[in-house]
Amino acid sequence: MDQPQKFKRCMVFAGGGFRFGIYLGMVAAARDAGRAPDLLLATCGGALAAAVIQALPDDAQRKAWLASPQMYDFWRGLQPAPQATIARTLWLAAQRKLAQQAAPTVPDLFNDYLFEVPHHLPLPPPAETSEVTVATVGGQLLFGPADAGQPRGTRKLFVQTVFGDARVAALLQGMRSPFNDPRWGPHAVADAVLTVQGLPLDAAARLSIIDFFYFPPYAHAGQRYIGGVVDLFPVELAQRLAGEVMMEFKESFDQNFSIPAWRSVLGLDGNQRLRQVNSQALDVWIDTSDISTALARNQVGKKLDWRGNRIGLRLPPSYADYQRAIDAQWQYGYQRVQEALQRPQPADKSAMRHVDRYNSAKELTPCVS
């Protein structure tokens with residue numbers, strides 16, 4: 001069978017954490033500039049934004065849904081896991097920080113997590129027809145609870161999995177993992193890339209947000225999954241799927257928590273992956289490297305609940321504050337894409353060249369480990 005034609009334009013939603021409202025603004029800006037994507041490739045929190053965009057026909061409805069009372073109540077309803085006491089959580093994080101081996105043991109993702117998995121995501125029903133296709137990235141587990149704590153050796157623990165339609169599956173047929181290269185060392189990600197068709201978009205979005213150490217693995221059809229963190233920056237997938245790729249240039253991972261987590265679970269260095277991704281020549285790089293400072297106020301984040309002896313979520317204190325936070329996210333994403341599309345493109349289209357030429361006055365850290 002002949003391989004189908006590539007999509008015209010892919011916009012990658014690379015994570016976003018709790019700030020995934022930026023992606024609604026990014027798509028709106030691209031459309032207003034005549035560069036609307038026909039494919040959204042989403043990981044982690046970006047999968048929620050992609051599901052909303054696919055389901056609703058215009059920017060006003062999408063933004064209203066994300067800023068709705070039911071979404072605010074959803075975040076307020078997330079409960080800390082009973083075992084996630086402050087002392088235990090910090091002790092486990094310190095152990096990961098001190099360990100230097102690449103995923104030496106099978107991680108106990110079934111018990112070492114902060115929050116109970118959400119039972120219901122208040123997403124709109126998927127549209128029967130849409131101008132945009134969504135593909136969601138997750139990671140299938142190759143181990144079970146009985147394996148936790150055992151020495152890993154050279155065993156692979158995860159396989160990158162893409163949830164999409166038949167066209168997406170056909171374009172990715174036979175693709176190898178981007179980590180199928182000796183440069184990445186003895187990591188825990190399998191060489192293959194799997195594709196799964198027919199998973200409802202709301203289930204794919206719920207699955208993709210399962211970040212290790214935040215939520216326990218997600219079970220579906222006899223398999224267990226973690227989210228898009230298994231390949232948070234799927235640039236190779238995007239290039240395989242579309243003729244034009246638009247992607248974020250993101251801030252670096254912190255060395256105290258994120259980098260040790262990547263190393264202990266995936267056996268990979270997140271900042272090394274960032275540097276490798278940023279060296280790629282893409283059509284449009286969208287600079288979101290200042291997001292932590294630009295969107296520092298009234299955002300969802302972690303907090304220490306000393307009285308309850310848990311690590312909980314810090315939320316905007318009122319629904320009105322939550323609405324303002326979503327609006328700030330939307331405006332941020334819109335402005336960053338506007339800037340990216342108005343910026344003269346250098347001959348070398350890597351993100352690192354973009355930083356040298358366009359942001360020479362800014363102190364950026366995504367290429368610093």
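What radius of gyration would a compact globule with 369 residues have, and what radius of gyration does the protein have? For a compact globule of that length the expected value is near 21 Å. The predicted model has 20 Å, which agrees with that expectation. Along the principal axes, the C-alpha atoms of the protein fill a box of roughly 50 × 50 × 45 Å.

The secondary structure of the protein comprises 13 helices and 11 strands. Among contacts with a separation of 6 or more, 81% join residues that are 24 or more positions apart. Of the 369 residues, 55% are buried. The exposed surface of the protein amounts to about 15900 Å², and carbon and sulfur atoms supply 50% of that area. The protein carries 38 positive and 34 negative charges, and the mean positions of these two sets are 4 Å apart.

In soluble globular proteins, nonpolar side chains tend to be buried together. In the present model, the largest nonpolar core holds 68 residues, of which M11, F13, L40, L48 and W75 touch the most other members. Beyond residues up to four places away in sequence, M11 touches M26, V27, A30, P37, L39, L40, L41 and M246. A second, separate core consists of 53 residues, including F110, L157, L171 and I259.

F13, one of the residues named above for the largest core, belongs to strand 1, which spans residues 7–14. The relative accessible area of F13 is 0%, so this residue is buried. Apart from neighbours within four places in sequence, the contacts of F13 are Y23, V27, L40, L41, A42, T43, G46, A49, A50 and I53. The C-alpha atom of F13 is separated by 18 Å from that of S279, a residue 266 positions away along the chain.

Helix 1 covers residues 22–32 and is largely enclosed by the rest of the structure, because 9 of its 11 residues are buried. The buried residues of this helix are I22, Y23, L24, G25, M26, V27, A28, A29 and A30. Just after helix 1, G34 adopts a positive phi of about 75 degrees.

Within helix 1, Y23 has a relative accessible area of 0% and is therefore buried. With residues up to four places away in sequence left out, Y23 touches V12, F13, A14, G15, G16, G46, A49, I53, E248 and K250. The contact between Y23 and F13 thus links helix 1 with strand 1. Although Y23 and Q338 lie 315 residues apart along the chain, their C-alpha atoms are separated by 13 Å.

Positive phi values also occur in residues other than glycine. One of these is A103, with phi near 45 degrees. A103 is located in the loop between helix 5 (86–98) and strand 3 (133–141). The relative accessibility of A103 is 1%, so the residue counts as buried. N309, likewise not a glycine, has a positive phi near 55 degrees. The loop that contains N309 runs between strand 10 (301–305) and strand 11 (310–314). N309 counts as partly exposed because its relative accessibility is 33%.

How values were computed
Residues numbered from 1 in each chain as written. Predicted model: local features only at pLDDT ≥ 70, side-chain atom pairs only at ≥ 80, totals over all residues. Heavy atoms only, no water. Helix = DSSP H or I, 4+ residues; strand = E, 2+ residues; numbered from the N terminus. Rg over C-alpha atoms; globule rule 2.2 N^0.38 Å. Buried < 20%, exposed > 50% of the residue type's maximum accessible area, 1.4 Å probe, protein only. Contact = heavy atoms within 4.5 Å. Areas by Shrake-Rupley, 256 points an atom, 1.4 Å probe, with all protein chains shown as cover. Lys, Arg positive; Asp, Glu negative; His and termini not counted. Charge placed at Lys NZ, Arg CZ, Asp CG, Glu CD. Core = buried A, V, L, I, M, F, W, Y, C linked by side-chain atoms within 4.5 Å.
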